[in-house]
Every structure is written in C-alpha cells, then in structure tokens.
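Thanks for coming, everyone. I would like to walk through one structure slowly, going from the whole chain down to a few single residues, so please keep the view open while I talk.

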Amino acid sequence: MTLPEDNFILLSFINTKLRDEYDSLEQFCDENGLSTEDICGRMAQIGYEYDSARNAFK
C-alpha cells in the first residue's frame, strides 16, 4: 500500500480507514504490510498518538 507523503493527509487517511474498515491499528498494519512503529512515529511528528479505546489517532 502506498501511503500519503504528507503526515496530515496520512492522519486523515488512517483515521478514516480505522473508522470504516479496521478494528485496530495492528489489524490495519498487518493487512497492509505496514509497521505500526513507523505509522506511530510519523503521527508523533505532528503531535498525535494512537488511542486504542477510540481506534483513532488523537
């Protein structure tokens, strides 16, 4: 899967996917061959962290 380069667009993309298609960040990453550490690192660069209770980056 090709991810958006811009971290703010990535934030919107991932939160939409998590809301509509996946039960967790781990499931999203596993099914798309992505690293949760890489995704969380990119989101941390813009001040967001994954909230598992809400299944979204906040």
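Of the 58 residues of this protein, 38% count as buried, and I should say at once that we are looking at a predicted model, so that each value I quote is computed from that model. The surface that the protein exposes comes to about 3,700 Å², with carbon and sulfur atoms supplying 44% of it.

As for the overall build, there are three helices and two strands, and, if you follow the chain from the N terminus, these elements run in the order α-α-α-β-β. The radius of gyration is 10 Å, close to the 10 Å that the globule rule gives for 58 residues, so the protein is as compact as a globular protein of that length. If you prefer to picture a box, the C-alpha atoms fill one of roughly 25 × 25 × 20 Å along the principal axes. When we take the contacts between residues at least 6 apart in sequence, 51% of them join residues that are at least 24 apart.

Let me turn to the interior. The largest nonpolar core has 15 residues, and the members that touch the most others are Ile14, Leu18, Leu25, Phe28, Ile39, Met43 and Phe57. Which elements give two or more residues to this core? They are helix 1, covering 7-20, helix 2, covering 25-32, and helix 3, covering 36-45, and the largest share, four residues, comes from helix 1.

Leu18, which I have just named among those core members, deserves a second look for its partners. Once we leave aside its neighbours within four places in sequence, leucine 18 is in contact with Ser24, Leu25, Phe28, Tyr50, Asn55, Ala56 and Phe57.

One of those partners, Asn55, brings us to the loop between strand 1 and strand 2, where this asparagine is found. Is asparagine 55 buried or exposed? At 13% relative accessibility it counts as buried, because the cut-off for that word is under 20%. Its backbone also invites a comment: most residues other than glycine have a negative phi, whereas the phi of asparagine 55 is near 50 degrees, a positive value.

In that loop, which runs between strand 1 (50-51) and strand 2 (56-57), we also find alanine 53. Alanine 53 has a relative accessible area of 76%, and it is therefore called exposed, the cut-off being over 50%. Along the chain, alanine 53 and serine 24 are 29 residues apart, and their C-alpha atoms are separated by 9.3 Å.

A second pair of residues can be set beside that one. Aspartate 23, in the loop between helix 1 and helix 2, is exposed as well, with a relative accessible area of 68%. From aspartate 23 to alanine 44 we count 21 residues in sequence, and the distance in space is 21 Å, C-alpha to C-alpha.

Asparagine 32, for its part, has its place in helix 2, and at 18% relative accessibility it counts as buried. Leaving aside neighbours within four places in sequence, asparagine 32 is in contact with Met1 and Tyr22.

I will finish with the charges. The protein has 5 positive and 12 negative charges, and the mean positions of these two sets lie 8 Å apart.

Methods. Residues numbered from 1 in each chain as written. Predicted model: local features only at pLDDT ≥ 70, side-chain atom pairs only at ≥ 80, totals over all residues. Heavy atoms only, no water. Core = buried A, V, L, I, M, F, W, Y, C linked by side-chain atoms within 4.5 Å. Buried < 20%, exposed > 50% of the residue type's maximum accessible area, 1.4 Å probe, protein only. Contact = heavy atoms within 4.5 Å. Rg over C-alpha atoms; globule rule 2.2 N^0.38 Å. Areas by Shrake-Rupley, 256 points an atom, 1.4 Å probe, with all protein chains shown as cover. Lys, Arg positive; Asp, Glu negative; His and termini not counted. Charge placed at Lys NZ, Arg CZ, Asp CG, Glu CD.
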